[in-house]
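Subject: Structure for your review

Dear colleague,

Please find below the structure that I am handing over to you, together with its sequence. My notes on what was found in it follow.

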Amino acid sequence: MARSLAAAGCRPGMKMQNAYGYGLFTGGLGIHYGAEKLGLTVIPVSGGSIDRQLQLLQDFRPEIICATPSYAQVLAEEVKRRSIPLEAINLRYAVLGAEPWSEAIRHQVQQGLKVEATNIYGLSEIIGQVCLRKMRTSGARAATSGKTTSTLKW
C-alpha cells in the first residue's frame, strides 16, 4: 500500500485525510497503515459527514485525500456550492478507489478540487486480504516434474 501511495505522488511528511470507512471494509485500515509506513500523517476521518470532511480539510490542510470516486465528486460539488476557496483546502492528490469510475468523473474531481486523481484498486472488497504464494505440488510426480501450484493463504 505504501508503494501505491508513493506512485500516486505521496511523500513522507505529507498529510493524508482518509475518507475510506474503518469498519468491515478493509481498505480504510489498509490505506491507513500503508500511509503510516510511508511516513504520512493520517487524519482518520472515515466516511460520511460532508460537514466534518470539509471542516477538517480546512483545519488540517492535508495534501492528499483518499476516498471513493463518488465521494470525492460530492466533496468537489460541496466545495463549489459552499464557495470554499480551493486555497483554503490545500489538496494536491486524490487517491480514489473501491468502486469503478470513468474519465469524466476523474475530470470532475480534478477540476473541482484542483488535484491529480489516481486510481487505487484491490480485491479486498471482493475476497478479503489474501497473500498469494507458490508452493511445490505434493506427491512423487511433482517431485520429478518440478511443477508448482498457486495457493491462497488467508
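I begin with the surroundings of one helix. The elements that cover the buried residues of helix 3 include strand 1 (15-18), strand 3 (64-67) and helix 4 (69-81). Please bear in mind throughout that this is a predicted model.

Overall organisation

The protein chain contains 7 helices and 7 strands. Read from the N terminus, its elements follow the order α-β-α-β-α-β-α-β-α-β-α-β-α-β. The chain has 154 residues, of which 39% count as buried. Its accessible surface comes to about 8800 Å², and carbon and sulfur atoms contribute 55% of that surface. If one takes the contacts between residues at least 6 apart in sequence, 65% of them join residues at least 24 apart.

Helix 3 and its packing against helix 4

Helix 3 spans residues 50-60, and its buried residues are I50, Q53, L54, L56 and L57. These residues lie on the same side of helix 3, because the arc they cover around the axis is only 165 degrees. In general, an α-helix has 3.6 residues a turn, so residues three or four places apart point the same way.

Helix 4 has already been named among the elements that cover this buried set. On the side of helix 3, the residues that meet helix 4 are I50, Q53 and L54; their partners in helix 4 are Y71, V74, L75, E78 and V79. The axes of the two helices, helix 3 and helix 4, come within 11 Å and cross at roughly 70 degrees. Helix 3 and helix 4 therefore count as roughly perpendicular to each other, since angles of 65 to 115 degrees fall into that class.

Just after helix 3, R61 adopts a positive phi of about 50 degrees.

Salt bridges

How many salt bridges does a search of the whole structure find? The search returns 4. As general background, side chains of opposite charge can pair when their charged atoms come close.

One of these salt bridges joins the side chains of D51 and R82, with an N to O distance of 2.7 Å. This pair links distant parts of the chain: D51 belongs to helix 3, R82 to the loop between helix 4 and strand 4 (93-96), and 31 residues separate them. D51 is partly exposed at a relative accessible area of 49%, and R82 is likewise partly exposed, at 33%.

Within helix 4, the side chains of E78 and R81 meet in a salt bridge at 2.9 Å, N to O. The two residues, E78 and R81, are 3 residues apart, about one turn of the helix. E78 counts as buried, with 15% relative accessibility, whereas R81 counts as exposed, with 59%. E78 thus appears twice in these notes, both as a partner of R81 and among the helix 4 residues that meet helix 3.

D51, E78, R81 and R82 are moreover linked in a network of salt bridges.

A further salt bridge is formed by R106 and E103, whose closest N and O atoms are 3.2 Å apart. Both R106 and E103 lie in helix 5 (residues 103-113), where their spacing of 3 residues amounts to about one helical turn. R106 counts as buried at 19% relative accessibility, while E103 is exposed, with a relative accessible area of 56%.

Backbone points to inspect

Most residues other than glycine have a negative phi. Besides R61, whose positive phi is described above, two further residues may be of interest to you.

The phi of N90 is near 80 degrees, a positive value in a residue other than glycine. N90 is located in the loop between helix 4 and strand 4, and counts as partly exposed at 27% relative accessibility. The loop that holds N90 is also the one in which R82 lies.

For A98, phi is near 75 degrees, again a positive value in a residue other than glycine. A98 sits in the loop between strand 4 and helix 5, and is partly exposed, with a relative accessible area of 33%.

With kind regards

Technical notes. Residues numbered from 1 in each chain as written. Heavy atoms only, no water. Buried < 20%, exposed > 50% of the residue type's maximum accessible area, 1.4 Å probe, protein only. Arc of directions from axis to C-beta. Contact = heavy atoms within 4.5 Å. Areas by Shrake-Rupley, 256 points an atom, 1.4 Å probe, with all protein chains shown as cover. Axes fitted to C-alpha atoms, helices over the stretch in contact; angles between N-to-C directions. Parallel < 35°, antiparallel > 145°, perpendicular 65-115°, else oblique.
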